[in-house]
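User: I've got this structure open and keep tripping over the vocabulary. Can we go through some of the terms together?

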Amino acid sequence: MPVASGPGYRRRAAVVTVAAIVLGVLHQDFWWWDDRTPVLGFIPIGLAYHALYSLLAAALWAWVCFWAWPDHLEDAAAEGDAR
Amino acid sequence: MTPLLIIVGYLALLLGLGVLATRLFRGTSRDYFVASNSIGPFLLLMSVFGTTMTGFALVGSTGKAFERGIGTYGLMASASGLIHAAVFFLIGIRLWAHGKRHGFVTQIQFFRARFESDALGYLLFPILVGLVLPYLLIGVLAAGKFVLPVTAGAFPDLFPNPGTRWAGGIPLWLTGLVVSLVVLTYVFGGGSRGTIWANTFQTLVFMCMGVLAFWLIANRLGGPENATKIGMQINDKGEAIQTHGYDRKAKRLVEHPTPRVVGRVTHPLSAEQVADIRENGNLRPHQARTVIDVEFDRRHPKTKATVGTFKREFGIPWLMFLSYMVIPLSVGMFPHLFQNWLTARRAKTFKLTVIAHPIFIMIVWVPCVLIGIWASGVLPVLPPDRISATLGAMVSTMIGDPVIVGLVGAGVLAAIMSSLDSQFLCLGTIFTNDIVLHRARRRDGDTARYDERRIVWIARAFIVAIVALTYGLSMWADKAGANVFDLAVWCFSGFSALFPLVFASLYWRRVTKAGAFASVIAAMAVWFYYFRESGFGGEYVLAGGLMPAALALAAGAVALVAVSLVTKPPSDATIDAFFPKR
């Protein structure tokens, strides 16, 4: 399949990689490790943070899908249809 | 009896859906295996999500939260939200494109072509089948462990279930048999399309029923705030206490006149912890991730007499939390997910799956984890081999209405069956394509003696054999006291250890056949060593909480890079086929 290359593609790949690593670090959440304060009265803060984190992960991938979608893969797969 | 009738009605509905899908079957093997690459965004999202969330998600997560607390969500759910979506984006779409371009329907076909090696296929085949099998067992076990407490009391003469707390409940062997037969029926007839339709329906059912169960249990416990407040506590004497219980007959929460002591910490509390308790109230080990070891009495399920003790570690060691992040990489190597990806109509079909998957995980896991920590305050302390019954016990104890119990029961079975079906289909597919048809091609030069109809019937025969094998093994695993969550983690660990192979095959031109062999052998050797150390499926962590999966993955990655760099690169033809220039 065609290899995506060029400065634009590489820059986008680098930005996405950095964003994913930042999210990976944010997952460690050592700052609320011992804290049991309830959020909304019933969700311990360690759980509330990670629930919010799930939404952040969805936002990251939504941004990636719209900003760095690998369009070239569609063309490559179409070669199979042509055959 | 009512819950049982509702569950039976649900299973009949599922069979009807299977029959409908069979009518739309186009008669070709490609339609049977990958629905002729015709599936759109919504069906792909629901089927991929339904496939990745098995009994592990509902039954296992509730049990693990009951055992370890809120850290269960961070361990698997939020990490999976990030990493699963990343794998769908980085691996799934590329494999779909290769599959469509080269006509692959199985993972092994891809690896054989990419690494120019038949033998690699024969090496991967038993490993992939061997790792999917425990995943199948998880489903059958989880179904049985949920239905037993939910139907307790319904058939006291027929199923006395001596030695358990659930006299009259439907035993695991019967639930497992019925679930296996129902899944077999719609997979057998409808193939991939029937599986995807059933998955979509079942995913909708289990998501709605999970939220319904959460809301009803919260109400029974006096609202979510109160439910969290009454979770198990540890006082300044180091005693694990329950302040409340649930009166099943009166259907209400009752406060014990004096807190009930159910266990004690194994090490004296630190001065800091004692000061914290005096200032902020008792510790709540399920509501933070600080590690606390507690010893509990093991009681006889009927007489309640103490028959021994067991220890439980609450909280999550930091190194365990960190190293668990490699486990969601397993989705990159799931053979059934590979097949699911290939059903997509276009690359853009993946967008909705990539974006919505983390949100769906949150919708399913947050309620389950909360139910698990609430259970710590009102259920008897279940020993390690019984924690998989936590969700079933909460539903049957707290939700009195038999209609609702039946609906929630159907929801749990939906979650379980939506994974079983893809896995049964996948194993039938790889047996047919990677062994039977592959050998015919090697022997005769083509597969002319196998027409489309015959290929589909071979796959169906394999699926029947796999269902029978799974059922037999799950009965054995139950007798051996297998824990749904721990067994699942071993299965995922094995797949994640193989992740370097799939990643390198898509992104590194220089990776070689020898490097691929070295990676698979090194990863599986390390994995098997620790699997054996765990007693073949128990919870097992290394010093500081490090997960064996991290070491197995590292071994696979190092072997892959080191051996590839000193061996002959792949041919130009292969590089051109898998990395052509635009």
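User: Why is the pair D29(A) and R289(B) called a salt bridge?

Analyst: The rule asks for a side-chain nitrogen of Lys or Arg within 4 Å of a carboxyl oxygen of Asp or Glu. In this predicted model, the side chains of D29(A) and R289(B) meet at 2.5 Å, N to O, so the pair passes the 4 Å cut-off. The rule finds three salt bridges across the interface of chain A and chain B.

User: Before we go on, what should I know about the numbering and the model?

Analyst: Residues count from 1 along each chain as its sequence is written, while chains are lettered from A and ligands numbered from 1 in the order in which they are written. This is a predicted model, where local features need pLDDT of at least 70, side-chain atom pairs count only at pLDDT 80 or more, and totals for chains, interfaces and linings use all residues; side-chain values use heavy atoms, leaving out hydrogens and water.

User: What makes a residue part of the contact between the chains, and how many does each chain give?

Analyst: Contact means heavy atoms within 4.5 Å. Chain A brings 50 residues and chain B brings 59 residues.

User: How do you know that S419(B) is buried?

Analyst: Buried means under 20% relative accessible area, exposed is over 50%, and partly exposed is in between (1.4 Å probe, protein chains only). S419(B) comes out at 0%, so the label "buried" fits. Looking at who is around, S419(B) touches G50(B), T51(B), M53(B) and T54(B), not counting residues up to four places away in sequence.

User: What makes α12(B) "largely enclosed"?

Analyst: Just count: eight of the eight residues of this helix (residues 335–342) are buried, so the rest of the structure largely encloses it. Among them are H336(B), F338(B) and W341(B). The "helix" label itself is for DSSP runs of H or I of at least four residues, and "strand" is for E runs of at least two, numbered from the N terminus.

User: How do you know that β3(B) and β4(B) pair?

Analyst: Two strands pair if DSSP finds at least two bridges between them. Strands β3(B) and β4(B) are joined by three bridges and run antiparallel, so they qualify. One bridge partner to look for is E295(B) in β4(B), across from R264(B).

User: And why are β1(B) and β5(B) called edge strands?

Analyst: The open sheet runs in the order β1-β2-β3-β4-β5 in chain B, with antiparallel pairing. β1 (233–234) and β5 (306–314) each pair on one side only.
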